[in-house]
Amino acid sequence: MISLKRRGIAILTTASILSLTAALMPAMASSHREAPGITKSPKVDATDFYMFRSYEPGREDYVTILANYQPLQEPGGGPNYFTMDPDAVYEIHIDNNGDAKEDLTFQFKFSTPLVNDTGITLNIGGTTNAIALRDAGPISQAPTDATRADTENYTVTLITGDRRTGSKAAVGNVTAGGNTFAKPFDNAGTKTIANYGAYANKFIYATSIPGCSAQGKVFAGQRAEAFAVNLGPIFDLVNFVPIEGDSAPGAGDGGGFPGGITQKRSNDDLYGKKNVTTLAIEVPISCLKGSGNGVIGGWTTASLPQARLLAPNATYNKPSVSGGAYTQVSRLSMPLVNELVIGLPDKDKFNASSPSGDAQFGAYVTNPTFPAIANLLFRDAVNATLHTNIADLAPTNFPRNDLVAVFLTGVPTLNQQATVTPSEMLRLNTGVAVTARANQKNLGVAGDDLAGYPNGRRPGDDTVDITLRVAMGALCHPIPINGTPTNLGVCTPAQASVGTVPFTDGAPLSARDLGNAFPYLNTPIPGSPND
């Protein structure tokens with residue numbers, strides 16, 4: 001077993017893990033338009049959730065949390081681009097005692113007021129008219145610019161206890177004063193914003209967090225999509241052979257599985273091609289971990305008022321009238337849970353649920369469908385290629401106790417909370433030392449890097465490859481821990497016939513592809529030029 005006892009983390013035996021299988025709920029990768037209901041409300045669609053100890057030099061005593069929204073943003077998607085929904089609340093939740101309920105919530109609320117209630121106006125032949133666009137010239141200043149017709153602002157509220165009934169206090173803006181923050185204009189192109197990186201950095205604010213003696217940071221704005229995935233072919237019945245075709249990733253020697261996919265940037269449908277909107281906070285570890293053992297659970301949600309009536313005479317300030325209690329419509333923590341695990345009838349129910357209620361989805365994981373689909377699609381081809389007679393590519397250990405440890409309870413002695421409540425959350429052991437960007441392994445824990453996924457999630461962790469391998473039984477075989485092959489004891493090699501196979505989608509990802517400072521994700525792709 002992984003030895004981190006010195007960090008005071010409790011150990012679960014295999015027998016006790018077996019007793020927890022009534023609430024199984026694992027994950028498969030990331031989340032974009034994953035449920036029928038959320039496709040109707042793209043402004044509140046969560047796409048990725050990251051939580052990790054900050055690896056920016058000098059910031060090791062902080063945790064960075066990134067919640068991405070509004071999937072598949074096309075660069076140049078003007079003229080309105082990708083503002084946030086002013087009717088919604090976007091929330092980042094932290095459970096620091098293991099009961100699968102939020103102890104701390106950081107709530108973001110947005111507004112987009114017009115300058116002078118009109119936007120930019122021009123005198124046209126003696127008549128003053130508002131222009132049609134959100135900007136009328138180059139933008140260079142923050143938070144306002146004379147060429148902008150509107151500004152997008154937000155507040156951050158810290159809620160202690162229940163997200164709706166707990167105590168609330170405003171997070172302060174140390175950089176600019178007050179309790180309001182500004183969001184940068186999206187990256188329309190280099191003529192509009194000549195140096196977008198320098199411009200966006202003006203919107204990184206130091207914060208005063210209620211009850212926390214040290215300052216934090218916050219940023220909300222457009223970033224380049226960091227998630228790497230062979231998205232289109234995956235949903236075309238996995239229209240490639242998902243096994244490494246080289247002797248090692250990037251070797252280019254064809255020495256791997258015959259006909260297997262090889263690592264190429266062109267296999268990636270998102271990284272370097274799409275943008276996303278990121279809500280980023282950096283919080284001192286001491287202000288997050290509470291009185292537990294230093295392991296925290298996290299997830300993000302978006303909620304809308306129960307009722308929304310379209311205004312028959314809509315105006316900029318009132319296109320609709322909303323009312324009623326906030327109702328959760330989006331939820332995300334571990335990547336691609338709703339996309340590839342939850343059955344179609346229950347996808348919207350999952351988005352409306354909380355980790356404490358995850359027992360209702362247990363059947364989707366005790367007998368997961370994704371490995372069975374992979375078996376149906378590839379068993380005959382694998383046997384024909386290798387001249388073997390493998391009866392079932394899918395693991396045969398039911399219930400899937402390997403998935404319980406990774407996705408529901410945390411891995412014993414690595415990222416398991418002092419109180420274990422089976423629930424789908426991203427869990428981070430804040431006591432595990434930071435791995436510098438240059439030394440990070442993109443396979444995380446499976447690559448002998450304890451600071452990576454599934455111990456939290458960093459932007460450079462290749463969660464697609466990791467999850468493919470875990471789903472197909474990698475944890476039934478020894479994995480390297482501190483350089484030593486280690487058996488986690490949750491299943492046996494005989495129960496996972498292809499558990500050592502290097503499954504991959506062929507879309508490479510590395511921490512070196514991304515930033516080394518808050519908010520870590522790269523500058524968004526400009527709308528122009530597009531050559």
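Which charged end sits over the ring of Tyr62? I looked this up before anything else. The charged end is that of Arg59, and I noted it at 4.0 Å from the centre of the Tyr62 ring. I keep in mind throughout that this is a predicted model.

**Entry: overall form**

I took the whole chain next. I counted 9 helices and 18 strands in the protein chain. Its radius of gyration came out at 23 Å, close to the 24 Å that the globule rule gives for 531 residues, so I wrote the chain down as being as compact as a globular protein of that length. Along the principal axes, the C-alpha atoms fill a box of roughly 85 × 50 × 45 Å.

I then turned to burial and contacts. Of the 531 residues in the protein chain, 56% are buried. Among contacts with a separation of 6 or more, 70% are between residues 24 or more positions apart. For the accessible surface I have about 20,500 Å², with 54% of it belonging to carbon and sulfur atoms.

**Entry: aromatic pairs**

I searched the whole structure for aromatic pairs and found 12. One of them is formed by Tyr55 and Tyr520, and I recorded it as tilted, with 4.7 Å centre to centre and 55 degrees between the planes. Where do the two partners of this pair lie in the chain? Tyr55 is in the loop between β1 (46-53) and β2 (62-73), while Tyr520 is in the segment after β18 (484-486). The pair therefore links distant parts of the chain, 465 residues apart.

I checked burial for both partners. Tyr55 has 4% relative accessibility, so I count Tyr55 as buried. Tyr520 has a relative accessible area of 1% and is buried because the cut-off is under 20%.

I looked at Tyr154 and Phe181 after that. Their ring centres are 5.4 Å apart and their planes are at 25 degrees, so I entered the pair as stacked. The angle meets the cut-off for stacking, which is under 30 degrees. Tyr154 lies in strand β7 (residues 152-160) and Phe181 in strand β10 (residues 181-183), so this pair ties together parts that are 27 residues apart in sequence. I found both Tyr154 and Phe181 buried.

Which residues form one aromatic cluster with Tyr154 and Phe181? I listed Tyr69, Tyr90, Phe108, Phe110 and Tyr205 alongside these two.

**Entry: two hairpins**

I followed β7 on to its neighbour. β7 and strand β8 (residues 167-170) pair in the antiparallel sense, over 4 bridges. Within this pairing, I see Ile159 standing opposite Lys168 in β8. The two strands form a hairpin with 6 residues between them. In the turn I noted Gly161, which has a positive phi of about 95 degrees.

I then examined strand β5 (residues 121-124) and strand β6 (residues 127-130), which pair in the antiparallel sense over 4 bridges. The bridge partner of Thr121 is Ala130 in β6. How many residues stand between β5 and β6 in their hairpin? I count 2 residues, and Gly125 in the turn has a positive phi of about 60 degrees.

**Entry: cis peptide bonds**

I checked omega at two prolines. Gly78 and Pro79 are joined by a cis peptide bond, with omega about 5 degrees. I placed Pro79 in the loop between β2 and β3 (89-95). The peptide bond from Ser528 to Pro529 is also cis, and I have omega near -5 degrees there. Pro529 lies in the segment after β18, where I had already placed Tyr520.

**Entry: positive phi outside glycine**

I closed with two residues in the loop between α3 (231-234) and β13 (275-284), beginning with Leu237. Phi of Leu237 is near 55 degrees, a positive value in a residue other than glycine. For Val238, found in the loop between α3 and β13, I have a positive phi near 50 degrees, again in a residue other than glycine.

Is each of these two buried or exposed? Leu237 is at 62% relative accessibility, so I count Leu237 as exposed. Val238 has a relative accessible area of 17%, and I entered Val238 as buried.

How values were computed
Residues are numbered from 1 along each chain as its sequence is written. This is a predicted model: local features need pLDDT of at least 70, side-chain atom pairs count only at pLDDT 80 or more; totals for chains, interfaces and linings use all residues. Side-chain values use heavy atoms; hydrogens and water are left out. Rings of Phe, Tyr and Trp (its six-membered ring) pair if their centres lie within 6.5 Å; planes under 30 degrees apart count as stacked, over 60 as edge-to-face and the rest as tilted. Buried means under 20% relative accessible area, exposed over 50%, partly exposed in between (1.4 Å probe, protein chains only). A charge sits over a ring if NZ of Lys or CZ of Arg is within 6 Å of the ring centre and within 35 degrees of the ring normal. Two strands pair if DSSP finds at least two bridges between them. The radius of gyration is taken over C-alpha atoms; the globule rule is 2.2 Å times the number of residues to the power 0.38. Contact means heavy atoms within 4.5 Å. Accessible areas come from the Shrake-Rupley method with a 1.4 Å probe; for residues, only the protein chains shown count as cover.
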